[in-house]
Amino acid sequence: METTITLEVQRYLPEKDTEPYFQEYKVPLRKKWVVLDALNYIKDNIDGTLSYRWSCRMGVCGSCGMMVNDKPVLTCATFLEECLPGPIRVAPLSYFDVIRDLVVNTDGFMDKLKRVKPWLITDQVKPVPEGEYRQTPEQKAEYDQYSMCINCMLCYAACPVAGLEPEFVGPAAIALAQRYNYDSRDEGRKQRNEELLGEGGIYSCTLVGECSEVCPKAVDPAGAIQRYKVSGAAEWWKSVVVPWGDT
Amino acid sequence: MARYGPNEHDVLIVGGGGAGLRAAIAVAETNPELSIAVVSKVYPMRSHTVSAEGGSAAVIKDNDSFDDHAYDTISGGDWLCDQDAVEAFVKEAPKELLQLEHWGCPWSREEDGSIAVRSFGGMTNKRTWFAADKTGFHLLHTMFQTTMKYDPIQRYDEYYVTRLLVDNGRCQGVVAIELATGKIEAIAARSVIMCTGGCGRIFPFTTNGNIKTGDGMAFAYREGVPLKDMEFVQYHPTGLPFTGILITEAARAEGGHLLNKDGYRYLQDYDLGEPKPEPIHRSMELGPRDRLSQAFEKEEEKGRTIEGPYGSYIHLDIQHLGEEIIDRKLPFVRELCLKYENIDPVKEMIPVRPVVHYMMGGIDTDIHGATKLDGLYAAGETACVSINGANRLGSNSLTELLVFGARAGQAAAEFASEQKPFSSALEALATDESRRIEKGFFSENGSNPESIASIRQEMYQAMEKGVGIYRSEDSLERSQEKIQELQERLMNVSIEDHSYTFNTELVAALELSNMLDISEAIIQSALQRTESRGSHQRVNYPDRDDEHFLAHSMAYKSEVGPPKIEYQPVTITRWPPGERVYGH
Ligand SMILES: Cc1cc2nc3c(=O)[nH]c(=O)nc-3n(C[C@H](O)[C@H](O)[C@H](O)COP(=O)(O)OP(=O)(O)OC[C@H]3O[C@@H](n4cnc5c(N)ncnc54)[C@H](O)[C@@H]3O)c2cc1C
Ligand code: SF4
Ligand code: FES
């Protein structure tokens, strides 16, 4: 007989349930299986009504983030064998509203991305026939790390501030702002500062640092926030002391 | 004139992958007055473009030329490409990639800050732009973020389209389910662009994500639009066994070797050139994908592959590149191998085997992305223009998304600008569709205890057996019968989940019915093409037959039974059909 492992999966169907509850499923414990494979096994063989998001199964589309044994992880990059002996608790990402089962509402997160103006802002539009902007490997390295974010939202599920303060733009969105701020082609930092140095911006962060701990892509949002604070403070100081200076 | 309130747009794009987003921006730039809808079953940045690794081709360096890129593409496609389309493609490619650079795409750079390019399979020169080995990821996120600054682009995220709205011979929108609420509604539009991606998920072993179920192809097909060249299915030679995760061709372009069980670079036995320590363009490991995957099958027949628990495999060896190059140019390869195979390619060889990767075929379009149905356009992997012919060259697809996404966007914008009135029948069509879905999948006739999963499993087997790298008449016929049986069985399935909230079982059922329809088109096109060309290899017809088959297959849906196949000539401009020569 094949060995099995138990998953305790959080269920919630708004039409029926007043409260979420956990349901147990036994699945084969196979080498090479990730938690997502176990969920797919359940959906195909035991219970077709279980709902969750996934697509790439290679840790790059950012769909499959969930709480596994109380930690936010990508379920397609977390092996069953890492969770022995079980049972394995699978729940939707913390601090997000649940739509159903393991599916959370991500509208707020999507709005936050837009709030930081995540596109290249330049004073003048460079015509395409003029060719590429030059950017040396060293210049690119300045923002490379921040450009690796897959929008999986694990950092939001780990951040107590984002949990308590819905207005807080949060770790990934700040890292995204920095991705453009430190891009040698960009001239939009001032516009982004309006959003990020004000309410719900970088100063809401109390340096818990959990966001960087859970990030599967080593984006280091905590570092991005820290770096912003250092430069942001300087800019604020400049605008107070020499209000006309920052032209 | 019937109005559809907020659910009414000028141009509606189904799909938020590379093709869809490029099309959306093109519409906005062609006519800023138009209202644009991007409808996608997943948030755009989850689209499978995100997983593309190796790069995107466009001539940029002085030693390269449009003609070289065109010739590589045409010979790579075994002369089934339409050469007018290829010529437009290679010319517009650099402009598109530069545009992306101006939107912020973090392309890898040379020391002097100019764009870096790498070699790729079947290409004569270095012309593949790359963002390390996460090119699709950066391309998609850059474009998604850029679309946020265009106010006319309105997104319908996590809406699952179930059919096209066609009346009076004109496509006028779609019916879609809002997944969060289960609401089924009409979204009317003066023109529609299908950018729904490929359908690798009809096979069990694929690099394609769960969402690649060919929905758009099936919708167009059901409305009488032909599917073109569907028999051409690309097997990529290097996928990780078990997961099917892709190890990019860039690993070979940087100098990786393919070794059989004796550590021998076996490609030298398959007319692909002589082994040299350094990578040589159009030779050995840099040959085209169809030839490399076929060589694997032959090698397997000879018993020179390695047996593993998930099928036989060979080795991809990149150790000699050294840690520095691997980390700089192939960091994702290392990350994926460590994570999913527990192997460090800096010190170990990578087990690989051929894996279903890409559809050369798709919705038949002209060079502007227009289909035979008025108001309907298509671009990206779901479309077949065709620049890919019988075998796509690696790194041409991402570029194709941009070039033909933009072209389709412009054409659809112009069509929509004519402001043809909507038919009054659209609402009724949407009501019918909602009834079809309720009745088809929610009714408790319950007599059939079958699950979606079991039918899907049988489809996998039929496709793997019938439409593998080498195909026989017999196995194709058996697969065709099987698919027909499964289509009937699916009609009688009732699903367990009757909720209106985020019902993923319903989506899976609808996707399965799409996949079965596409499967029949693939099999029938393969059956009738009694020659071997590019990725389509028929065991009893080993040669290319230009006299009969220098032509595109066009599969038209029948009321019952397999589709009708017609043929359309290939456009030849400057490169008459010749022999495909590699390694010389
Ligand atoms: C692992 C991998 C690596 C690759 N690497 C490369 C490479 O290096 N270079 C290269 O040139 N090519 C590469 N390719 C191929 C290339 O990435 C794809 O062909 C291309 O990204 C397809 O883009 P698309 O926009 O057509 O579709 P996709 O990106 O697949 O997007 C499809 C969109 O359609 C939407 N959709 C589908 N059905 C529905 C529906 N019913 N209702 C609503 N929305 C729907 C989806 O939500 C999605 O937004 C690779 C492919 C894979 C799988
Ligand atoms: S910063 Fe890291 S954890 Fe947060 S969304 Fe991005 S990839 Fe995920
Ligand atoms: S399924 Fe894409 S990140 Fe896990």
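A cavity here is a set of grid points where a 1.4 Å probe fits but cannot get out. By that yardstick, this predicted model holds 9 cavities of 30 Å³ or more. Below is a quick tour of the largest cavity, the second largest pocket, the shell around ligand 2 and the contact between the two chains.

**The largest cavity**
- There's about 720 Å³ of space in the largest cavity.
- Its lining runs to 48 residues, and H48(B), T49(B), G197(B), K212(B) and E381(B) are the ones closest to the centre.
- Several elements of chain B chip in at least two lining residues each: the helices α1 (18-30), α5 (215-222) and α10 (396-417), plus the strands β2 (36-40), β7 (159-167) and β14 (350-359).
- Sorted by class, that lining has 23 polar, 17 nonpolar and 8 charged residues.

**The second largest pocket**
- This pocket offers about 980 Å³ of space.
- Its lining is made of 29 residues, with R222(B), R436(B), Q487(B), M491(B) and D517(B) closest to the centre.
- Two or more of the lining residues come from each of β7, α5, α11 (426-442), α13 (473-491) and α14 (504-528) of chain B.
- Of these, α11(B) gives the largest share, at 6 residues.
- Charged residues number 12 in this lining, alongside 9 polar and 8 nonpolar ones.
- Where does the pocket lie? Domain 1 (7-233 + 358-416) and domain 3 (442-569) of chain B both give residues to its lining, so the pocket lies between them.

**Around ligand 2**
- For ligand 2 the scene shifts to chain A, where C149(A), I150(A), N151(A), C152(A), M153(A), L154(A) and C155(A) are among the surrounding residues.
- The rest of the shell is A172(A), C215(A), P216(A), V219(A) and P221(A).
- By class, the shell comes out at 11 nonpolar residues and 1 polar, with no charged ones.

**Where the chains meet**
- Chain A puts 67 residues into the contact and chain B puts in 66.
- Between them the two chains bury about 5,300 Å², with 55% of that area on carbon and sulfur atoms.
- On the chain B side, R46(B), H102(B) and Y340(B) lose the most area to chain A, together making up 14% of what that side buries.

Terms used: Residues are numbered from 1 along each chain as its sequence is written. Chains are lettered from A and ligands numbered from 1 in the order in which they are written. This is a predicted model: local features need pLDDT of at least 70, side-chain atom pairs count only at pLDDT 80 or more; totals for chains, interfaces and linings use all residues. Side-chain values use heavy atoms; hydrogens and water are left out. On a 1 Å grid over the protein atoms alone, a cavity is a set of points where a 1.4 Å probe fits but cannot get out, and a pocket is an open set with protein on both sides within 12 Å along at least five of seven lines; lining residues have an atom within 4 Å of a point. Grid points are joined across faces, edges and corners, and a volume is the space filled by probe spheres set on the points. Helices (H or I, at least four residues) and strands (E, at least two) are DSSP runs, numbered from the N terminus. Ala, Val, Leu, Ile, Met, Phe, Trp, Tyr, Cys and Pro count as nonpolar, Asp, Glu, Lys and Arg as charged, and the others, Gly among them, as polar. A residue is near a molecule or strand if one of its heavy atoms lies within 4 Å of it. Domain bounds come from an automatic or database domain assignment. Contact means heavy atoms within 4.5 Å. Buried area is the accessible area (1.4 Å probe) that two parts lose on being put together, summed over both.
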